[in-house]
Amino acid sequence: MSKRVRISDRVDYVGSQDWDREIFDSLIPLPDGTSYNSYVVKGSEKVALIDTVDPKFGRELEGKLKGIEKVDYVVINHVEQDHSGCLNMVLERYPEAKALCSEKAKDLIITHLHTDPERIVTVKDAEEISLGDRTLRFVYAPFVHWPETMLTYLVEERMLFTCDMFGSHLASSEVFAVKPLHDYVESCKRYYAEIMMPFALPIKKNLEKVESLSPSTVCPSHGPCWTEPGFVINLYRRWSQGEPENKALLLYISMHGSVSAMVERMTDRISGGGISVARVDLTDPDLGKIAINLVDAHTVIIGTPTVLGGPHPKVASAVVLANALRPRTKLIGIIGSFGWAGKAPEALASLVPNLSGAELLPPLMLKGLPDEDGMQKVDEFADMIIERHAKSFPR
Ligand code: FEO
């Protein structure tokens, strides 16, 4: 998509596909690249650009704006730089243009982009701005993803521009979702898990606002646009408000085979008890895989060897991530091995304050390579988990 793409009589897509980006926020792997979606809305009197693109694609955006004689407004739905990073370039190109943003966004734009405050105009929640025969309505949506975030609704076309909400990290040659919708679940879930899961409560409130608008098209600023928005709205409702599933996630690392022996035994026992098992070896993990499984796992089992008296640092790192993502986990188990002493369980337990709603089972730490007695203890630990799941998921 090297040129503007018309997506309705009055709306052009001017975003960019980042096919080769492999990591986001220096943390999150991007197996399918990503996109930075930006839109031009042309009213009979005024023109608005909705979000910009990552600064890496500034020249591409400039090229796509060729032939557009004036831009009156640059709507900044969200100040994170992958969307706002070309604001100053656009304001320079169109000296009459003003940036429109929420009240909380103004300070963030000034501090993050050093934009001239005279060029920034704040809008209130539910405020409308006329472009002539088209109207933009601004809908505050705090904490999807930052506190300043808002959505922009193109009233006459029932088109909702949602920035990060309903996004996917997915580069594509198509603006709209064109494959069977089920094919998009994995990329939507990965994105939700990595970006949105910590904000499940605000998402609930903001979903109500979205549904009250009854949009016919949802245009996020990452990944495909949705002409059947009920699909992504329902996914968000399920992931943010539904109960976790009859599933256990094993996050583990093994140095000399003791923890992996325990993990193998645990996997066999709890899967035999009717629990679906997901496993992530933390030696070289895809952090997205951890996040995705945290969306719906009822139980998380952490397996660690003892290193210098504490948990393996890579296990501790994964636990810090899990805690930050605030999953709806109900049960946490810590298993592992030690050589002569150690406080790995205490150290790991102290890293999960955001999971205070979850029950922490008494840890199981075995000395050295597990013998049959040790394996019996693994079975007993697994049986505690099976028992808890049987209560939560009666057959
Ligand atoms: Fe895609 Fe929160 O930025």
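Is Thr162 buried or exposed? Select Thr162 to begin: the residue is buried, with a relative accessible area of 0% (buried means under 20% relative accessible area, exposed over 50%, partly exposed in between, with a 1.4 Å probe and protein chains only). The model is predicted, so local features need pLDDT of at least 70, side-chain atom pairs count only at pLDDT 80 or more, and totals for chains, interfaces and linings use all residues. Residues are numbered from 1 along each chain as its sequence is written, and side-chain values use heavy atoms, with hydrogens and water left out.

**Stop 1: around Thr162**

Thr162 belongs to strand β15, residues 159-163 (helices, H or I of at least four residues, and strands, E of at least two, are DSSP runs numbered from the N terminus). Now show the contacts of Thr162. Leaving aside residues up to four places away in sequence, Thr162 touches Leu151, Val218, Cys219 and Pro220 (contact means heavy atoms within 4.5 Å).

**Stop 2: two positive phi values**

Stay with β15 and move into the loop between β15 and α5, where Phe166 is found. Phi of Phe166 is near 70 degrees, a positive value in a residue other than glycine. Phe166 is buried, at 0% relative accessible area.

Next select Phe143, in the loop between β13 and β14 (150-154). Phe143 is not a glycine either, and has a positive phi of about 70 degrees. Phe143 is partly exposed, with a relative accessible area of 35%.

**Stop 3: the open sheet**

Colour the strands β1, β2, β7, β8, β9, β10 and β11. They form an open sheet of 7 strands in the order β1-β2-β7-β8-β9-β10-β11, with mixed pairing (two strands pair if DSSP finds at least two bridges between them). At the edges stand β1 (5-8) and β11 (120-122); each has a single partner strand, so one side of each is left without a neighbour in the sheet. From one strand to the next, the twist averages 25 degrees.

Zoom in on β2 (residues 11-13) and β7 (residues 39-42), which run antiparallel and are joined by 3 bridges. In this pair, Asp12 stands opposite Val40 in β7.

Then add helix α4, residues 103-113, which lies across β10 (98-101) and β11. The helix runs at about 160 degrees to β11 (axes are lines fitted to C-alpha atoms, for helices over the stretch in contact, and angles run from 0 to 180 degrees between N-to-C directions).

**Stop 4: salt bridges**

How many salt bridges does the structure hold? There are 23 (a salt bridge is a side-chain nitrogen of Lys or Arg within 4 Å of a carboxyl oxygen of Asp or Glu). Side chains of opposite charge can pair when their charged atoms come close.

Select Asp133 and Arg10, whose side chains meet in a salt bridge at 2.5 Å, N to O. This pair links distant parts of the chain, 123 residues apart: Asp133 is in the loop between β12 (128-130) and β13 (135-140), and Arg10 is in the loop between β1 and β2. Asp133 is partly exposed at 28%, and Arg10 is partly exposed at 23%.

Select Glu62 and Arg93 next; their salt bridge is 4.0 Å, N to O. Glu62 in helix α1 (residues 58-65) and Arg93 in helix α3 (residues 87-93) are 31 residues apart. Glu62 counts as partly exposed at 32% relative accessibility, as does Arg93, with a relative accessible area of 31%.

Move to Asp286 and Arg190, where the closest N and O atoms of the salt bridge are 2.7 Å apart. Asp286 lies in the loop between β18 (276-281) and α9 (287-296), and Arg190 in helix α5 (residues 185-196), 96 residues apart. Asp286 is partly exposed at 26%, whereas Arg190 is buried at 13%.

Finally, select Arg265, Arg269, Glu372, Asp379 and Asp383, which are linked in a network of salt bridges.

**Stop 5: α5 against α7**

Return to α5 and add helix α7, residues 230-241. Two packed helices are described by the angle between their axes and the distance between the axes. For α5 and α7, the angle is about 50 degrees and the axes are 11 Å apart. The two helices are therefore oblique to each other (angles under 35 degrees count as roughly parallel, over 145 as roughly antiparallel, 65 to 115 as roughly perpendicular and the rest as oblique).

The crossing of α5 and α7 is right-handed (a crossing is left-handed if the near helix is turned anticlockwise from the far one by less than a right angle, and right-handed if clockwise). To see the contact, show Val185, Cys188, Lys189, Tyr191, Tyr192 and Met196 in α5, which meet Phe231, Val232, Leu235, Tyr236, Trp239 and Ser240 in α7.
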